[in-house]
Each structure stands twice: as structure tokens, then as C-alpha cells.
Amino acid sequence: MSIDFSAINNAALEHCPDLLFTLLPGGRLNGHEYVCSGLSGGNGDSLSVNTSSGIWKDFATDEGGSDLVSLVAAARRIGQGEAARALAEMTGTTGVPSASHHQNGKHEDRPAAITPVPGDTPKPAMTHPRLGEPSAVFEYRSQAGRLLGYVCRFNKLTVKGNGKSEKEFCPLSYTARGWRWQALPEPRPLYGLEKLAQANPESSILVLEGEGKANAVQRVIGAQVAVLSLNGGSSGVAKLNCSPLQGKKVIYWPDADEPGHKAAKAFILKAKEAGAASVEVVAPPKDVPSGWDAGDAVKEGWSRARLIAHIKDSQLADVPVDANGFPEPESMESRILPPPPSVPLDAFPLEVRAILEEAAEAFTVPLQIPATCLLSFLSCLVGRSRLISIKASWRESGNLWLTSVANSGMGKSPCMDAFFRVITRLEYDAKRSFDAAYADYETELVLYQVQRTAYAKEKSKGKNPEAFALSRPEEPRQRQITADDVTVEALGDILQGNPKGVLWLKDELSGLLFDLDKYSNNGGGGTKARLLSSHSLGPWKTNRTSNPARNNFIPKACVSIFGGIQPGMMSKVFEAGAGGVDEESGFLPRFMFIRAIAEAPAYWSERVFSRESIALLERIAAHLWAWDVEHDDQGREIDKTVLMSRQAKALYIEWYNAIAAEAYLSQNNALLRKLQAHALRLCLLLHSLNAALAGNDGMGLVTEDCMRRALLLADWVKEHQAQCWRFFKPEQGAKQSDPIERAIMAVVMEQAARIEADGWKIANSTEEKDGLLDLVEKKLGMPGLSAVKIGKAASGLGLTSCAVHKGDRGRTVTKEKINEFRATVGTVGTVGKAHGSKVKIADSTVGQPSATVGVTAPAWPMPTVADSAPTVDHQPETVALQGAPTVPTVPTDSSGYNSEFDFNDPNFPDEVNI
């Protein structure tokens with residue numbers, strides 16, 4: 001029987017790119033190309049494989065081929081026939097003569113599992129003939145997100161010696177005969193491979209024994225770190241496919257029992273054989289019961305900081321413990337806030353990322369400043385001209401209450417002006433058009449009144465004049481998007497003529513909030529209640545007995561808010577904390593706080609905010625400005641609701657449930673619950689931004705990619721909120737660190753081994769220039785920095801002065817301090833890192849040295865959200881209006897609300913191709 005090379009190649013292409021992740025591990029997808037460093041895989045771009053045709057080329061060696069068989073032959077250095085057999089085995093392809101139809105002397109009639117599962121395969125019934133309904137179902141997916149199969153967990157009535165219920169796990173695989181209760185083919189995949197694309201590629205990978213534990217820990221640690229699980233528990237290590245771990249730093253957290261200890265030893269060997277850069281094992285805490293695991297830590301309420309601290313130093317030798325032998329939370333979480341999470345640039349289209357980076361450099365501000373400006377810029381332009389719906393009873397508009405938390409003098413005002421000057425120009429042009437239209441209106445009104453008077457006189461004389469032909473002219477509407485120095489009452493007047501919404505823009509938000517009730521009659525907080533209703537498009541009614549002509553009724557008020565606030569003012573402006581009115585009423589949780597700190601000196605920059613960037617902002621603004629609230633023939637407003645694809649909805653639901661579980665156990669329940677709505681609003685803004693770039697009306701389906709980017713932003717907001725809300729909790733004593741303090745903490749972490757060897761001390765200065773003062777100066781790129789300033793910062797961090805060898809002075813550093821510093825700046829891999837990249841300080845005549853600011857990431861890098869996105873070449877989303885799938889008509893009530901639409905309707909379309 002001859003080999004059907006064509007059939008094998010065609011079948012293999014159906015398995016791309018998952019096949020390439022296995023064959024050439026460590027690479028990445030770049031559009032329709034899979035790129036890696038060479039025929040052994042690895043991170044790089046020397047070798048490229050077209051996932052649609054199989055054509056490949058290694059530009060470093062000039063090797064290449066026209067199909068995947070030749071690629072396998074080259075990668076494994078084997079002949080074409082042997083490569084075809086290997087490829088057929090990898091993909092389960094028929095048409096290759098086998099040596100025998102028997103295995104181990106027995107006829108093998110079990111059908112082979114097909115992986116990945118074909119996209120049109122119906123979901124299986126999960127009921128087991130012997131075990132019944134599963135207590136949990138875990139989806140196994142490839143690195144590219146393709147479904148591979150399921151593992152179902154079934155609870156038994158029996159209880160093990162450690163008090164836990166007995167469980168049985170049964171794999172469910174797809175075969176040529178349909179779904180069957182059988183294992184996935186060997187070597188078997190790790191659980192959670194799809195998370196690798198979302199996590200920071202430089203981050204360590206955490207591996208646990210069970211799928212449920214991995215999910216629980218993932219929810220607490222966050223998506224920036226991939227938490228994987230063994231397939232088959234501690235007994236399944238030998239059959240694992242660990243190739244995705246090639247080149248990765250891996251940390252394994254075993255169960256606290258003998259099987260867990262044996263599995264750890266086996267896993268270390270397996271991961272190293274696969275080419276893992278390093279493999280470390282987390283020791284369970286002391287005095288925990290047999291079988292205790294990472295999932296138990298989550299059940300006991302361990303916070304993210306506590307999990308990270310335990311992972312970093314598994315022995316916890318010198319950390320104070322409570323009566324149960326667990327570390328005290330205060331010893332794990334520093335009172336000093338870590339640097340704020342970096343902006344997830346991958347959430348934005350390429351050309352918009354360029355605007356943000358240019359603005360940061362031109363105005364010498366942290367990247368968080370232009371990012372908040374852009375989001376607020378989009379918020380006011382979209383308003384409620386478009387709504388996003390996740391289900392029939394839940395829609396969100398585009399208005400955000402966004403606040404930049406930064407010290408005075410940061411330089412945020414020029415950056416804000418650059419973005420909102422574009423909108424001001426639109427408003428100015430609108431004002432000129434309004435003035436001209438109003439002059440015509442006044443002329444027409446005079447003519448109308450004259451004719452009406454003449455008609456009345458003729459009729460009073462008993463004459464029968466011609467019917468009054470003229471109708472009263474319609475008063476023109478002045479369009480306006482932003483407002484500054486106004487009261488809430490004045491906002492109502494503006495909204496009367498601008499149903500799309502208005503942005504209350506204030507450079508210093510504290511002034512806005514302090515003055516909320518300044519002009520109200522009772523001063524009792526009624527304006528906050530009114531603003532609350534505008535956040536969710538509630539009605540505004542205004543009744544004035546002194547001037548009935550100004551009585552307003554706004555059926556759906558929409559007010560966005562944007563401004564800056566200093567950290568020290570937050571607790572003074574908001575009534576937060578235990579029983580605080582703003583927190584309890586929901587006023588405070590509606591604000592999205594984004595921190596920004598200067599992590600490098602704001603040296604002179606010749607960079608300017610270019611005409612090209614301004615032109616792109618003008619194009620986006622003009623497109624979204626044209627969106628307005630429309631009315632039907634009866635004058636009723638028509639809500640334009642954007643729907644989402646099934647894939648986008650499924651992605652959101654998974655994220656939503658993770659947030660719900662976290663909120664259930666969190667003291668910041670209200671904050672996290674509001675985040676679920678904020679994520680939809682961010683998705684609407686990104687969807688509208690894509691529509692503006694593509695030039696369409698934004699009424700196409702929200703795509704899975706758009707939702708993924710929105711959730712990236714939502715997770716970024718979540719991390720900022722967690723930091724900023726500590727300013728409202730006096731018992732935590734949260735304070736911002738300055739650059740010298742951050743440099744000291746980074747130096748102490750880097751020198752931890754040396755400090756321990758020297759008796760927990762570090763000299764201020766040495767002849768080798770490796771003392772605390774020398775290393776801090778080097779870290780900041782500022783030789784000659786005042787020793788007094790460094791000493792004062794060290795004392796503020798709790799590093800007491802002491803004598804070291806030969807009578808020199810230095811600082812005492814305890815193990816607790818190292819853990820505290822690691823929990824603070826250890827979550828970010830750099831000190832002095834500005835605008836998301838290393839900053840080159842140019843030579844100048846005023847004495848600034850030439851240096852590169854930045855430090856090496858710690859051994860257990862816990863990246864910011866900005867580092868968590870996959871490395872792909874995102875292009876702006878465009879929806880082809882011609883030939884696109886028809887979106888079903890949405891049943892609406894009299895207000896245009898899609899109250900009857902069912903997202904589970906089988907006629908509802910899948911993802912729109914973009």
C-alpha cells in the first residue's frame with residue numbers, strides 16, 4: 001500500500017497551528033504565519049510556516065519546503081516516508097500502511113481520539129453510564145484555543161483519610177465513532193494551554209496537580225500568569241506532553257502527600273527533558289494536613305499577595321506565623337503600593353498604540369495618562385449613541401467615570417488638552433453652524449408671528465382667509481459634548497439639547513466633587529443621587545416654580561466624568577471606608593481610578609504630538625461625532641443596540657463568573673460587581689473605535705477579539721482599582737513610594753543572598769562600588785545622588801542603621817523586609833521604567849548622565865497586565881458591510897428595546913469574519 005502524501009498534508013493542515021506548537025514549540029502566531037527561531041522551535045522569527053498552505057522557509061539556513069511532510073522530515077532529520085508516517089500518527093490520518101493491526105498481541109478495536117475536535121462537532125452528553133452527572137467538567141484546549149477533549153470529575157460518597165471526598169476523573173474524547181469515555185492520545189496535553197497566549201511570555205508558569213485547583217488559583221493570581229495542571233493527576237506525569245514548557249521558567253506546586261512528592265520528582269525530569277529553562281518546586285506550608293494543596297489555600301481565603309509570597313519563598317522560615325502555622329497577612333503585603341500596572345497596549349489597534357506612546361514621550365508623562373485621556377475621549381463621543389447588549393435585560397452605554405490618580409505637577413493637563421482640543425474644534429464648528437441656523441430661525445419666527453397675527457385679524461372681521469399655511473419653525477439644537485464649569489442644573493439644560501450625553505471634564509476632579517451641592521437648595525447630596533441615575537441612563541426631571549419654561553424632562557440622562565485627583569485628596573473628597581456614604585450608595589464604585597507615577601525624570605524631549613496623530617484623532621472624532629440619538633416618526637428615541645457573537649459572549653461569561661467568584665470572597669464586592677458592567681462599556685468603546693477606523697456604522701457584531709481586548713483592559717482597571725481603594729482604608733496605611741525607595745527595594749531584592757551571607761546587613765558604600773548607596777545611584781542612573789536622601793528613604797522603609805565590618809556603616813535588612821519588598825516592587829520587573837519601555841537619558845549640558853534606566857526582572861516575575869497579552873500582530877478590526885452575514889432583526893418594544901431577543905436562538909449568527 002502506497003503512502004497518500006496529499007491526504008496526509010491536507011489532513012495536517014486542518015490541525016494547524018496546534019500541530020506546529022507541538023512540532024516546533026516556543027513559536028508564535030503572526031496572522032496566518034507560525035514563526036519561530038528554527039527547526040527546533042524557540043522564540044524568534046527566522047523560520048516561517050504558512051498555516052494555510054504548509055509552505056515553510058528557514059531564512060537563517062535557506063532550507064524550505066512546500067508541505068508539512070517536508071517540514072517534519074527536516075525538523076526530525078528523517079526521510080519523507082518516515083516523516084509522512086509520523087505526521088499521520090500525530091494527526092490521526094488514515095491512508096498510511098501500518099506494520100501491524102495488533103498491539104501487545106491483542107487486536108486493537110478502540111477508535112483513535114481525534115484532536116483537535118472538529119469545529120462543527122456537537123457538544124457531548126456528560127452523563128456517565130456508571131457515575132451519573134459530573135460535579136465538574138474541564139475543557140482541554142490547545143495553545144491556539146482549539147478544543148481537544150474533556151475531563152469530568154465525579155464525586156463519590158466515600159471519604160478519604162484526610163477528610164476529603166473521594167473523586168473519580170473520567171476523560172471524554174472525540175473519535176470517528178463519536179464521543180467516547182476514553183483518554184486523550186499520548187503524549188497527553190497539560191490542562192490550560194490556551195492561557196499561555198494570554199500570559200506574559202517572560203513570566204514563570206505555575207503547574208498544579210488538578211484542573212479545579214488550577215482554575216481556583218488562576219482566578220486569584222490573574223490572567224497575566226498561566227496556571228496549568230497535570231492530566232491524570234500525580235500518576236499521569238509519565239504520559240504528559242511538556243513541549244509547551246520549552247524555554248519557560250516553571251514552578252510546580254505539589255500536593256502535601258507522598259504521591260505529590262513523587263509526582264514532583266517525575267515532573268522535574270519531564271519538564272527538563274522538554275527543554276524548560278528552569279523548574280522549581282513549591283514546598284507546602286509547615287503543619288498542614290496530608291493532601292493539603294493550592295486549592296485549599298484559595299478556600300482558606302489566601303489573597304493574591306499571600307499566594308505570591310508563598311511561591312517566592314516556599315519555606316517561609318523567618319516569617320511570623322499565626323496559631324495555625326500560616327503567615328500573617330500583614331507580613332505578606334507591604335503598606336507601600338507597588339508601581340501601577342502598565343497599560344495593556346495590545347488592547348488597542350496598532351495606529352492608536354502609536355498615538356499613546358507618542359503622547360507619553362511628547363508630554364513626558366507616564367503612559368497611563370494618555371490612555372485615560374483616550375478612553376474618556378471615546379466615552380464622550382460614543383455616549384449613548386450606541387448600546388451594547390449581553391442579554392435581553394442588560395445593556396450598557398459608553399459613558400465612563402474615569403479618574404487619573406496622580407500627584408500634582410505630573411504634566412497631565414497638556415496631554416488632556418491635546419486630546420480634547422480635537423473635540424473642542426468640533427464643538428466650535430457646531431457653534432458657528434448653530435449661530436447661523438439660529439439667525440435664520442429668528443427670521444422665520446418673525447415671519448411666522450406676522451402671518452399668524454394677520455390671519456387672526458382677518459378672521460375677527462368675519463372674513464375667511466386662506467388656511468394658515470406656515471408652521472412654527474423648529475428651534476435649532478446646539479450640539480455640545482463637553483462641559484467644564486457648570487452645575488448639575490446646567491448639565492440638565494445641556495442634556496435637553498444633547499440626548500447623546502455630555503462629558504463633565506475637570507482638570508482637578510476634587511473641585512468638581514466638592515462643589516456638587518454648592519448651589520443646591522438643601523445641600524444634602526441630591527446632586528450625587530442625580531449623577532448616579534445618569535450613570536445608568538436614568539431619567540432626570542427638573543421642576544422650577546420660578547421659571548416653568550425651564551422645566552426639563554430627560555428620559556435617559558447620560559453624563560460621563562473625567563478628571564485628575566491627587567492621592568492625598570481621595571479620602572477627603574469621597575465618603576468612603578466603613579459605612580461611607582459614597583461607598584454604600586454605589587457612587588464611589590462607579591469611578592474607575594487609574595494610578596500614574598513618574599518612574600523616571602521628565603527630561604527634555606524633542607518629541608512632539610505630531611500632525612499625523614492629531615489627524616487620526618480628528619478622523620475618529622468626526623466619525624463618532626456623526627453618531628447621534630435618532631428618533632422615529634412619533635419623535636420617540638431609537639436605541640441602537642450592538643449585539644455580540646457567540647464566541648464573544650462565551651468569553652465574557654467565563655470572565656464574568658471568575659469575577660463573581662472573587663467578589664463573593666472579597667471585601668470589595670461592590671467594586672468587582674461594577675467592574676462586570678465596566679468591562680462591557682470598555683468593549684463598546686473598543687468596538688466603536690474599530691468602527692471609526694474602518695469607516696462603518698458600528699452595528700456589526702462584537703467579535704471575540706474585541707471582547708478579549710476589552711477584558712484585558714478590564715483586568716488592568718481591576719488592578720488599578722485594588723491599589724487606589726487602599727487610599728480609602730486608613731487601617732492599611734497605604735502610601736506611594738518615591739523613586740529612591742523603589743530603587744532601594746529593588747537593590748535589596750537583588751542582593752538578598754549576599755545580605756543573608758553578611759549577617760543580614762549591607763554596607764552603605766564599598767571600595768568595589770557595590771554598597772547600597774552605589775547600587776541605588778546606578779539603579780537610578782544618577783551618580784552623585786545625595787547620600788542623605790538615600791539614607792532618609794532607607795530609614796523610611798524600616799532599614800535601620802548599623803555597623804558593618806571594619807567599622808563602616810550600613811543598614812540592617814531582615815528576611816521579613818525582603819519578603820515585603822518583593823511583594824511590592826517584585827510584582828513589576830523594573831525600577832525607573834517609564835512609559836512601558838527603557839528610557840535612554842541623553843547627554844546634555846546640564847549634567848544628566850548617559851545611562852539606561854531599568855533593572856533585571858526577579859526570578860518569579862509577576863508581570864503587570866500590559867505584559868499579559870499574546871504577541872500577535874493585531875490589525876484594526878474592520879467589518880465588511882458587503883456580503884457580510886445577515887444579522888437577524890431584533891424584536892423591539894415601543895422604545896426600541898430588544899426585550900424578546902434570545903441569544904440562544906439557533907439562527908443567531910456566529911462570529912462575523914473580519
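Which residue in S3 is the bridge partner of Val35? This opening exercise and those after it concern a predicted model, in which local features need pLDDT of at least 70, side-chain atom pairs count only at pLDDT 80 or more, and totals for chains, interfaces and linings use all residues. Residues are numbered from 1 along each chain as its sequence is written, and side-chain values use heavy atoms, with hydrogens and water left out.

**Exercise 1. Trace the pairing of S2, S3 and S4, beginning with the partner of Val35.**

Step 1. Strands (E, at least two residues) and helices (H or I, at least four) are DSSP runs numbered from the N terminus, and two strands pair if DSSP finds at least two bridges between them.

Step 2. Strand S2 (residues 33-36) and strand S3 (residues 47-50) run antiparallel and are joined by 4 bridges; within this pairing, Val35 has Ser48 in S3 as its bridge partner.

Step 3. S3 is also joined to strand S4 (residues 56-58), by 3 bridges and again in the antiparallel sense, with Asp58 in S4 as the bridge partner of Leu47.

Step 4. The hairpin of S3 and S4 has 5 residues between the strands, and Gly54 takes a positive phi near 85 degrees there.

**Exercise 2. Establish the strand order of the open sheet that contains S17, and find the helix that lies across S17, S18 and S28.**

Step 1. The sheet has 3 strands in the order S18-S17-S28, with mixed pairing. Its edge strands are S18 (394-396) and S28 (641-642), each of which pairs on one side only.

Step 2. Strand S17 (residues 387-391) runs antiparallel to S18 and is joined to it by 3 bridges, one of the pairs being Lys391 with Trp394 in S18.

Step 3. Helix H20 (residues 669-694) lies across S17, S18 and S28, and runs at about 55 degrees to S18, where axes are lines fitted to C-alpha atoms, for helices over the stretch in contact, and angles run from 0 to 180 degrees between N-to-C directions.

**Exercise 3. Contrast the salt bridge of Arg395 and Asp639 with that of Glu704 and Arg708, considering where the partners lie.**

Step 1. A salt bridge is a side-chain nitrogen of Lys or Arg within 4 Å of a carboxyl oxygen of Asp or Glu, and a search of the whole structure finds 25 of them.

Step 2. In the pair of Arg395 and Asp639, the closest N and O atoms are 3.4 Å apart. This pair links distant parts of the chain, since Arg395 lies in strand S18 and Asp639 in the loop between strand S27 (637-638) and S28, 244 residues apart.

Step 3. Asp639 counts as buried, at 8% relative accessibility, where buried means under 20% relative accessible area, exposed over 50%, and partly exposed in between (1.4 Å probe, protein chains only).

Step 4. In the pair of Glu704 and Arg708, the closest N and O atoms are 3.0 Å apart, and both residues lie in helix H21 (residues 704-724), 4 residues or about one turn of the helix apart. Glu704 is partly exposed at 27% relative accessibility, and Arg708 is partly exposed with a relative accessible area of 32%.

**Exercise 4. Describe the surroundings of Gln218 in helix H5.**

Step 1. Gln218 lies in helix H5 (residues 211-221) and is buried, with a relative accessible area of 13%.

Step 2. A polar contact is a pair of N or O atoms within 3.5 Å; within protein, one must be able to donate a hydrogen and the other to accept it, and residues adjacent in sequence count only if both atoms are side-chain atoms. The side chains of Gln218 and Lys195 are joined by such a contact of 3.5 Å, while the Gln218 side chain reaches the backbone oxygen of Val225 at 2.7 Å.

Step 3. With contact taken as heavy atoms within 4.5 Å, and leaving aside neighbours within four places in sequence, Gln218 is in contact with Lys195, Ala223, Val225, Ala226 and Val227.

**Exercise 5. Explain why strand S21 is described as largely enclosed, and name its pairing strands S20 and S24.**

Step 1. Of the 7 residues of S21 (residues 502-508), 5 are buried, so the strand is largely enclosed by the rest of the structure.

Step 2. Strand S20 (residues 482-483) pairs with S21 in the parallel sense over 2 bridges, and Thr482 stands opposite Leu503.

Step 3. S21 also runs parallel to strand S24 (residues 559-565), to which 6 bridges join it; here the bridge partner of Leu505 is Phe562.
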